[in-house]
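Reader: Could you walk me through this one and show me how each label is earned? I like to see the reasoning behind the terms.

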Amino acid sequence: MARMRATAVAHPNVALIKYWGKRDDGEANLPAVDSLSITLGAMQSRSTVAFDPEFADDELWLNGRRAPGEQARLTACLDALRSLAGIGWRARVESRNDFPTGAGLASSASGYAALTVAAAAALGIPAGEPRLVDIARIGSGSAPRSLYGGFVRLEQHGEQTRCRSLLAAADWPLEVVVAVTTEAPKATSSRDGMRLSRDSSPYYPAWLQTQPADLAAAEASIATRDFPALAELAEHNCLKMHAVMLTTRPPLLYWSPATLACLQAIQQWRRDGLPVFFTVDAGPQVKAVCEPAAAAEIEQRLAAIPGVLRTIRGGLGEGARLLTGDD
Ligand code: PMV
């Protein structure tokens, strides 16, 4: 039988109501809280997956280099797909990101979303298979959100993850300007950081307890396209997650001086009337979410802040999709 191969693309996403913490340390990678994100059209991961009876083991090539550190979650993800398809062949995965990898820009989310879609297609699994959401989650807890476009809510129901698009990208066309303050990978992975936070931050129980109210309020502000309400809430939820990180032992301080300069500037610009708010993940990059009319101005101002290396600007994106024309 010929080798089976497919290529897919996916965009990273950024959570406005964050996910930080897991239910347990199992391979299933179950999130402790639900989350809400927007999919970012300006950046992209592209994954080609080929299954072949001649391959001895699964291999991941990330941006042209072998990535042995990913072996455990790569094989766990592919095993779940192989068992669905009833095919035992090993795979070679080639993944490329057109943005910094492992630096708080959700490259694992877009990477595993693209990988899941490509590998499923290569194995003949229908695109609508609901278990693909759970399989993407094995790779990265935020990857299921990148399977969808626009505004996405992720809910955990027991062992099962469910995602739904609350609004399509075109229904509330916000823009996002990313201020890149370092291109280096982060010192502590999200996976390790989450475990440390759960085990040591005194704020972790409060984080879990207050998340449902933040989610409900965010969903309401998205339904009414209430930018000021969403802005206040998203910044609050982001800083609450960072409060948990900061009070973890050892502490997780993902910010650089330029990160803080951007946050303070964005707060001032909003007080001055510009429709913009910030969010920051497990890394020093700042994402400024804004209304399209303000995007060029925000990008120019962020680029002028000392320590900002470059900016990436774009609208909201679509969900992960297969590229046709691949053999
Ligand atoms: O998907 P992971 O395991 O890389 O975790 C992502 C966690 C945050 O980006 C910090 C928050 C989020 O909800 O995306």
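Author: Happy to; what follows takes the ligand and its surroundings in turn, and please keep in mind that this is a predicted model.

Reader: What makes serine 140 a polar contact of the ligand?

Author: A polar contact needs a pair of N or O atoms within 3.5 Å. A polar side-chain atom of serine 140 lies 2.8 Å from an oxygen atom of the ligand, so the pair meets that cut-off.

Reader: How do you know that arginine 145 and glycine 141 belong in that group?

Author: The cut-off of 3.5 Å applies again. For arginine 145, a polar side-chain atom lies 2.7 Å from an oxygen atom of the ligand. With glycine 141 the partner is a polar backbone atom, 3.4 Å from a ligand oxygen atom. Both pairs therefore qualify. As for cover, the ligand taken alone exposes 380 Å², and the protein buries 90% of that.

Reader: Which residues come nearest to the ligand?

Author: Of the 14 residues around the ligand, those are Tyr19, Ser140, Ser142, Arg145 and Met194. By class, the shell holds six nonpolar, five polar and three charged residues.

Reader: Why is the ligand said to lie between domain 1 and domain 2?

Author: Because domain 1 (4-171) and domain 2 (175-315) both give residues to the shell around the ligand. The C-alpha centres of these domains lie 23 Å apart, and their contact takes 39 residues from domain 1 and 49 residues from domain 2.

Terms used. Residues numbered from 1 in each chain as written. Predicted model: local features only at pLDDT ≥ 70, side-chain atom pairs only at ≥ 80, totals over all residues. Heavy atoms only, no water. Near = heavy atom within 4 Å. Polar contact = N/O pair within 3.5 Å; in protein donor to acceptor, adjacent residues only side chain to side chain. Areas by Shrake-Rupley, 256 points an atom, 1.4 Å probe, with all protein chains shown as cover. Nonpolar A, V, L, I, M, F, W, Y, C, P; charged D, E, K, R; others polar. Domains from an automatic or database assignment. Contact = heavy atoms within 4.5 Å.
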